[in-house]
Amino acid sequence: MTFLERNFLDIRNLDLMARGDSWPHRLDPRVKVLTTMIFIITVVSMDKYSISQLIPFAVFPVSLLAASGLPPGYFLKKILLVSPFALMVGLFNPLLDQTILLHIGSLGISGGWISLVSIMLRFTLTVGAALILIGITSFNGICLALEKFRVPKVFVVQLLFLYRYIFVLLDEASRMSRARSLRSLDIKGPGIKTFGSMAGNLLLRATGRAERIHLAMLCRGFDGNIHTMNSSSLYLKDILFLLGWTVVFYLLRTYNFPELIGNGVLNFT
Amino acid sequence: MSHHIVKADTLCYSYPATDCGIHNISFSITHGESVALVGENGAGKSTLLHHLNGFLQPDSGSVSIGDYPITQKNLKAVRRSVGMVFQDPDDQLFMPTVLDDVCFGPLNLGLAPDSAKNAALHALERVGAAHLVDRPPYRLSGGEKRSVAIATVLAMSPDVLIMDEPSSNLDPRARQRLIKLLMSFKHTKIIATHDLDMAVDLCERTIVLHKGKITADGATLDIFQNDTLMNESGLIKPLRMQGCSICGQDPERAESP
Amino acid sequence: MHMADALISPAVGGTLWAATAGTMAYCCRKVKLEMDDRKVALMGVLGAFIFSAQMINFTIPATGSSGHLGGGMILAILLGPYAAFLVMASVLTVQALFFADGGLLALGCNIFNLAFFPCFIAYPFIYKKIVGKIPTEKRIFIASMLAAVVGLQLGALGVVIETVASGISELPFTTFLLLMQPIHLAIGIVEGLVTAAVVIFIWKARPDILRYSLEAKPLKGVMVRNVALGLLAVALVTGTALSWFASSRLDGLEWSIEGVTGSGELQEPDHGIHESLAAIQEKSAFLPDYGFKTNENEHGTAESESVTEAPAQWPAVDAGTSTAGLVGGLLTLLTAGCIGLLLRRKKTTV
């Protein structure tokens, strides 16, 4: 499978997951988007050397994942796949920050290693939360949430159209690149020149399609306004979800529970 | 109201800087008629269809829908009464869900969201696609897409249905279902198609286009049996009117002795 | 290169979000004013085109490695800067959600780096100036090339500044800059070649498409001034936010909480900027300070004994570093796992 086909499959998978039916799926998209944003900001606001305090934050993605019945392995794999950039930048930390911050026996661990671990933890948490958000919320739902958040209609409609036609154009693009690779008898991608005319052809088809869509829209009385049926309402459970998690994040941010627990355990023994 | 619902009068159009287009097209179609528009690729079928909806303005001549000639002013009324089903349903289904898409037209007509929804649900039921309401268009099969595309047009309760290649890219069963569905419509229909077998099923009248001109306009079966005409217009008889090359039963040879 | 949530601070993420949202609102208004109802479908489909074309990997000559299209410049050339910015932003949003490219907080940074620079700097000031009124193949080639390179250089500079200002990565400004700019010079040249190839293809096959966007004449003197003013505002806001951030040693969340309660102590901006510069140059000096302040802040909120003990242990800010932290962390992980299992079991039995 090519890069393109793999990604296409990926979108289709997530799209299918988002059509599931569990209580996280049924929550209003607005509270899911907001809660995820608060989660990410809280995680990112943690001190750069924090490790133990970051760990309890996993309760948010883990419980959502569990409650929605989505496959955890799939999300772990996705997180691993995109980790190289954060890892690459983070790897400089151990080289540059060699102040010893922790001694385990005779082994000194520098601040750089600690902050690297912290970066990777943040990465897993933030990326995980974002992926789970799209796994339990349809893209359409997210767009409608954005509309309710007063994001300009032009952009919301753009997102909806983009998402709709990704499915058509990815299909066209994969057919085209399959046809090319079948005739070029190599495993590598096309050269720049070939790519230029492939992309050019794809672009021509895309503009042709845009013209036909525009005709189809005119045909049904389009006058420049897209009317969306956006009539969701917030229920008590939605508010509770948002407030409950916000309180949890606030507590996790303020108190270092793992250390408290750890101290308790060590004092007890 | 006039007896003729679609009337083209010496319609001429050529695309800028080319000599392709349509020349001197005249016909009139009455209420409830079902007309097939056939011709080889590039014969001018799509160009003609685009005039019936006011996408293209004729260089000379005119098109009338009902009592009114199509002008810039009454374009909205024309598009309301003429429903067009596109060849590629992906072009027609651009909204995020089936319901949104079928509601698109009614909402543009100024219907309140509730009545738009009702119109949409009714149209979807009509084409047997009520169960697809909440699906996004990219999760539909080819046949389902086509049904929904027809529903998007039906929801606007048009008087005339214009279809561009409705049976293309359908598997045999989906095609059969489509033909049955279209048979059940009482609308005036204009169907541009290469599927001459479907034309035999659906349309009592056929207009043949060749190089932008009408070469024949008459009863479907008469036209399809006219070998010279078919040859000259670049067409091939519907399969069921050809002999069977496998079992050797050739209706023509059987008739000739 | 996409910024990631893990590498930015809330202050930087928030500032760039604000800048991006402002630009977006401005572009939406502009596109709406154009009243071109063709654009709704065209923008959507071209977005899907860029999204798909980005996934066709091509072979980079001489190196044998593979690259992919960025696309911001192609969009600007086809749609004009406003619509192109929105389309690029939508593409990046979908990627952030589905492929976790970057992240939701870093989305502001990514849109700014990958859409703002090509659409509002490279396109109007380089591409349009070189191509002029009568495009020729040579002009399109040179213009695409230069515009792509400059756009990507600026984007890379954005990544460097945002990363360093966030202070999560230890990379010093100059080192990171020296690392990023040359890499992005290479990427920019490839992007330029590809952009030129596509644009020339379109120019030969359907010159009307290019002409349509040229005729739209979206850039006037007023607009350039607006962009310049906008950039200045962004720079000011960023600068102030960052200096507050650096001077008070409070991270964004705490900073905003204190802003709400009104107990935050604001220092003179001069001092702040000076300090932030100093902090970048001399990070070792700012570490103990950082720790001290953080703990001081924690005193206010958390008055438990175990936390008050922490300052003595620190420079190791907190926890993560102490044995207690390790033990507690493991226990928490275990608990989280159990909660997950319980919820799952409950779900299957229901």
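This dialogue treats the contacts, salt bridges and burial in a predicted model.

Visitor: I should like to begin with the interface of chain A and chain C. How many residues of each chain are in contact?

Guide: On the side of chain A there are 112 residues in contact, and they meet 110 residues of chain C. The two chains bury about 9400 Å² between them, and 78% of that area lies on carbon and sulfur atoms. Within chain A, the residues that lose the most area to chain C are Phe85(A), Ile192(A) and Phe195(A), which together account for 8% of what that side buries.

Visitor: How many salt bridges and how many polar contacts cross this interface?

Guide: The rule finds 2 salt bridges across the interface of chain A and chain C. Glu170(C) and Lys48(A) form a salt bridge through their side chains, with an N to O distance of 2.4 Å. As for polar contacts, 11 residue pairs are counted between chain A and chain C, with both residues at pLDDT 80 or more. Helix H11 (residues 192-219) of chain A supplies the largest share of the side that touches chain C, namely 19 residues. By class, that side of chain A consists of 73 nonpolar, 28 polar and 11 charged residues.

Visitor: What is the general idea behind a salt bridge, and how many are there over all chains?

Guide: Side chains of opposite charge can pair when their charged atoms come close. In this model the count over all chains is 27 salt bridges. One of them joins the side chains of Glu5(A) and Arg178(A), at 2.9 Å from N to O. Glu5(A) belongs to helix H1 (residues 3-17) of chain A and Arg178(A) to helix H10 (residues 153-184) of chain A, so this pair ties together parts that are 173 residues apart in sequence.

Visitor: Are Glu5(A) and Arg178(A) buried, partly exposed or exposed?

Guide: The relative accessible area of Glu5(A) is 18%, so Glu5(A) is buried, given that the cut-off for burial is under 20%. Arg178(A), at 41% relative accessibility, counts as partly exposed.

Visitor: Which residue forms a salt bridge with Asp227(B), and where does each partner lie?

Guide: The partner of Asp227(B) is Lys237(B), and their closest N and O atoms are 3.4 Å apart. Asp227(B) is in helix H10 (residues 227-232) of chain B, while Lys237(B) is in the loop between H10 and helix H11 (251-255) of chain B; the two are 10 residues apart. Asp227(B) counts as partly exposed at 37% relative accessibility, whereas Lys237(B) counts as buried at 14%.

Visitor: What can be said of the salt bridge between Glu137(C) and Lys204(C)?

Guide: The side chains of Glu137(C) and Lys204(C) meet at 3.4 Å, N to O. This pair links helix H6 (residues 137-166) of chain C, which holds Glu137(C), with helix H7 (residues 173-205) of chain C, which holds Lys204(C), over a separation of 67 residues. Glu137(C) counts as partly exposed, with 36% relative accessibility, and Lys204(C) as exposed, with 54%.

Visitor: Which residues are joined into one network by salt bridges that share partners?

Guide: The network consists of Glu172(A), Arg205(A), Arg209(A), Arg212(A), Asp88(B) and Asp91(B).

Visitor: Let us turn to helices. Which residues of helix H5 of chain A are buried, and which are exposed on the other side?

Guide: In helix H5 (residues 72-82) of chain A, the buried residues are Tyr74(A), Phe75(A), Lys78(A) and Ile79(A). They cover an arc of only 135° around the axis and therefore lie on the same side of H5(A). Leu76(A), Lys77(A), Leu80(A) and Leu81(A) are exposed on the other side of H5(A). The buried residues of H5(A) pack against H1, helix H4 (59-68) and helix H8 (111-136) of chain A, together with helix H4 (81-98) of chain C.

Visitor: Where is Ser22(A) placed, and what does its side chain contact?

Guide: Ser22(A) is in the loop between H1 and helix H2 (23-26) of chain A. Ser22(A) is buried, at 4% relative accessible area. Its side chain makes a polar contact of 2.7 Å with the side chain of His25(A).

Visitor: Finally, what is the secondary structure of chain B, and how many of its residues are buried?

Guide: Chain B has 11 helices and 10 strands. Of its 257 residues, 56% are buried. Among contacts in chain B between residues at least 6 apart in sequence, 63% join residues at least 24 apart.

Methods
Residues numbered from 1 in each chain as written. Chains lettered and ligands numbered in written order. Predicted model: local features only at pLDDT ≥ 70, side-chain atom pairs only at ≥ 80, totals over all residues. Heavy atoms only, no water. Contact = heavy atoms within 4.5 Å. Buried area = accessible area lost by both parts, 1.4 Å probe. Salt bridge = Lys/Arg side-chain N within 4 Å of Asp/Glu carboxyl O. Polar contact = N/O pair within 3.5 Å; in protein donor to acceptor, adjacent residues only side chain to side chain. Helix = DSSP H or I, 4+ residues; strand = E, 2+ residues; numbered from the N terminus. Nonpolar A, V, L, I, M, F, W, Y, C, P; charged D, E, K, R; others polar. Buried < 20%, exposed > 50% of the residue type's maximum accessible area, 1.4 Å probe, protein only. Arc of directions from axis to C-beta.
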